[in-house]
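Work through the exercises below with the structure in view. Try each task before reading its solution.

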Amino acid sequence: MQLTIKKQASYIVPSIAFAIALAVFLIALPYWSSHYVVSLMCSIFFYIALVQSLNVLSGFAGYVNFGYVGWVGIGSYTVMVLLNRYGVHWLPALFLSGIVSMIVGIVIGHPLLKIRGIYFAIAAFTFAEGIRFLFSSEIMAPITHGGEGVTVTNHDLSLNGQYFVALFIALLSIFVVYKISTGKFGLRLLAIKSEELPAECLGINTTADKIVAFAISSFFAGAVGGLMAIHIFFIDPESVFSVEITLQAILMLFLGGGGTVFGPVIAAIFLTLTSELLWSKFILLHAGILGIILVFVILFLPEGIVPWLQDKKILPYTRKL
Amino acid sequence: MPPVPCLEVKNVTISFGGLNALDDFSFVASEGEVKGLIGPNGAGKTTLLNVISGVLKCNKGQVIFKGEDITGLPPHRIARKGIVRTFQIPKLYPRMTLWENLIVTSRVENGPKRAIELLGLAGLFDFKNEFTRVLSYGQQKLFSIIRALLVNPSLLMLDEPAAGLNALEKNKIMDFIHQLNRQLNLTFLIIEHDMGVIETACEGVCVLHYGKNIAEGTFEEIRIEQKVKKAYFGEGASSSE
């Protein structure tokens with residue numbers, strides 16, 4: 001007994017010290033860094049939140065959403081309309097962008113989640129592309145300004161402000177995924193991922209659980225999309241519905257390990273920085289190199305880095321129930 | 001006292017294209033009974049389990065469980081009412097520990113305590129924090145029964161519980177079924193090809209052939225039934241004996 005207390009204590013002190021140091025670093029960072037670094041950090045936080053919310057539906061429940069960016073883009077446009085047209089404050093606007101995406105997620109999720117695997121992926125991808133065309137079209141032009149794009153103005157959120165909001169959303173997404181992973185809901189989603197029909201026959205209401213997962217996933221996608229719109233200042237369907245956002249998030253999820261808490265976070269940080277580096281040095285090879293990483297991940301680490309390290313007993317299997 | 005019906009299947013018909021997988025099929029399982037369901041391959045046994053558990057919807061007929069019509073309910077609601085099934089392949093959740101496999105769908109009172117008891121009873125307690133892949137196939141089958149038990153069934157349907165097991169493992173599973181049947185008065189519906197298992201485990205047997213209930217009775221009665229012999233060995237079976 002004494003030994004365990006000692007052992008725990010030996011972990012607790014460095015963990016608290018590390019957490020305090022990290023908090024101080026993250027709070028102080030925007031005040032002494034260049035705009036470029038703050039903006040890069042915002043991208044990292046966006047991707048942490050995006051990959052974590054993708055994790056809920058695709059990592060835990062196993063429904064890989066290839067149309068993920070659709071919900072991000074809906075969030076971006078919602079914020080643009082709320083700020084530009086109705087002069088709503090950025091905070092409720094961001095919240096509402098999450099809500100709008102979530103409602104679309106619930107409505108679309110109901111029929112979409114009846115199909116599985118590659119069919120689900122194709123249907124979700126088609127949905128996102130459909131929304132992109134719709135938002136570029138003349139019918140929606142009075143609201144979306146069509147393919148021309150539109151600037152997102154009428155808010156008082158400075159770059160540092162965006163940094164802290166992005167940090168908050170990223171931390172919130174990690175917290176939500178942590179709660180899911182340590183609760184029965186997360187286990188039910190994992191059960192759905194591996195054996196959906198038996199799970200249903202053992203009393204799990206799989207439809208309800210999948211829709212809740214889709215709703216959580218869409219809410220974060222929408223809120224991040226909203227903040228991204230403010231951050232990048234100018235949005236058009238090509239940029240906020242870019243399939244590259246979906247692919248990056250999926251790559252991060254696969255690399256880090258779906259259904260884990262910290263795998264996707266580590267992968268989001270690593271890949272955002274790698275991507276930035278590649279983008280600035282080898283602009284033409286950028287997508288190709290990311291593609292090669294994806295192929296290697298699928299071939300050699302099909303479960304992702306964290307589950308692989310857990311299997312090798314290098315990392316502990318941390319889920320506790 | 002006459003036996004109380006636990007499950008009544010009334011005139012169930014289900015067709016895939018032009019084929020009637022179940023054709024006006026009826027049978028009753030009484031409370032506390034261990035009922036065997038046999039028949040040649042393709043007779044409709046698993047289809048029947050799928051209809052009872054709500055995985056498939058029948059075109060005609062009714063499934064009555066403890067006096068309540070449960071026809072067409074979704075599988076999770078049927079499971080929550082007390083009908084739980086296992087599959088031919090154990091279908092465990094591979095990236096979850098044994099403990100998590102049990103807790104995720106547990107609906108019994110004192111779930112964790114009961115889970116520990118059952119794991120102990122099946123000799124799997126030492127593996128509780130391991131992934132399911134450490135279990136042998138026989139252990140996986142046994143474990144899938146434990147997982148189903150924790151959903152709190154009053155009718156447990158086992159789809160070929162002894163298939164692919166050696167003699168020792170078969171005995172273990174049969175002992176387990178007997179024990180549960182005696183202690184909890186649990187009703188069982190067992191699909192099995194192994195006649196040894198059916199003979200030792202089941203009180204009543206129902207024979208399916210081309211989706212029809214061709215014979216019902218004790219194992220001894222079924223064994224000498226001409227229709228059953230024909231179903232298994234063809235037309236010449238009766239004359240050759």
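## Exercise 1: a helix and its surroundings

In this predicted model, seven of the eight residues of α1(B) are buried, so the helix is largely enclosed by the rest of the structure.

**Task.** Which residues of α1(B) are buried?

**Solution.** Take 20 or more other C-beta atoms within 10 Å as the cut-off for buried. Lys45(B), Thr47(B), Leu48(B) and Leu49(B) are buried. So are Asn50(B), Val51(B) and Ile52(B). Just after the helix, Gly54(B) takes a positive phi of about 90°.

## Exercise 2: the sheet

**Task.** State the strand order of the open sheet of four strands in chain B, and find its edge strands.

**Solution.** Start with the order: β2-β1-β4-β5, with antiparallel pairing. Next, look for strands that pair on one side only: these are β2 (19-30) and β5 (68-69) of chain B. Now place the helix. α1 (residues 45-52) of chain B packs on the sheet and touches β1, β2 and β4 of chain B. The direction of α1(B) makes about 65° with that of β2(B).

Then turn to β1 (residues 5-16) and β4 (residues 60-65) of chain B, which are antiparallel and joined by five bridges. Glu8(B) stands opposite Ile64(B) in β4(B).

## Exercise 3: the side facing chain A

**Task.** Which element gives the largest share of the side of chain B that touches chain A?

**Solution.** Count the contacts: 22 residues of chain B meet 18 residues of chain A. Elements giving two or more residues to chain B's side are α2 (75-81), β6 (83-85), α3 (98-103) and α5 (137-149). The largest share, four residues, comes from α2(B). Finally, sort the side of chain B by residue type: twelve nonpolar, three polar and seven charged.

Technical notes: Residues are numbered from 1 along each chain as its sequence is written. Chains are lettered from A and ligands numbered from 1 in the order in which they are written. This is a predicted model: local features need pLDDT of at least 70, side-chain atom pairs count only at pLDDT 80 or more; totals for chains, interfaces and linings use all residues. Two residues are in contact if their C-beta atoms, placed from the backbone, lie within 7 Å. Ala, Val, Leu, Ile, Met, Phe, Trp, Tyr, Cys and Pro count as nonpolar, Asp, Glu, Lys and Arg as charged, and the others, Gly among them, as polar. Two strands pair if DSSP finds at least two bridges between them. Axes are lines fitted to C-alpha atoms, for helices over the stretch in contact, and angles run from 0 to 180 degrees between N-to-C directions. A residue is buried if 20 or more other C-beta atoms lie within 10 Å of its own, exposed if 12 or fewer, and partly exposed in between; C-beta atoms are placed from the backbone.
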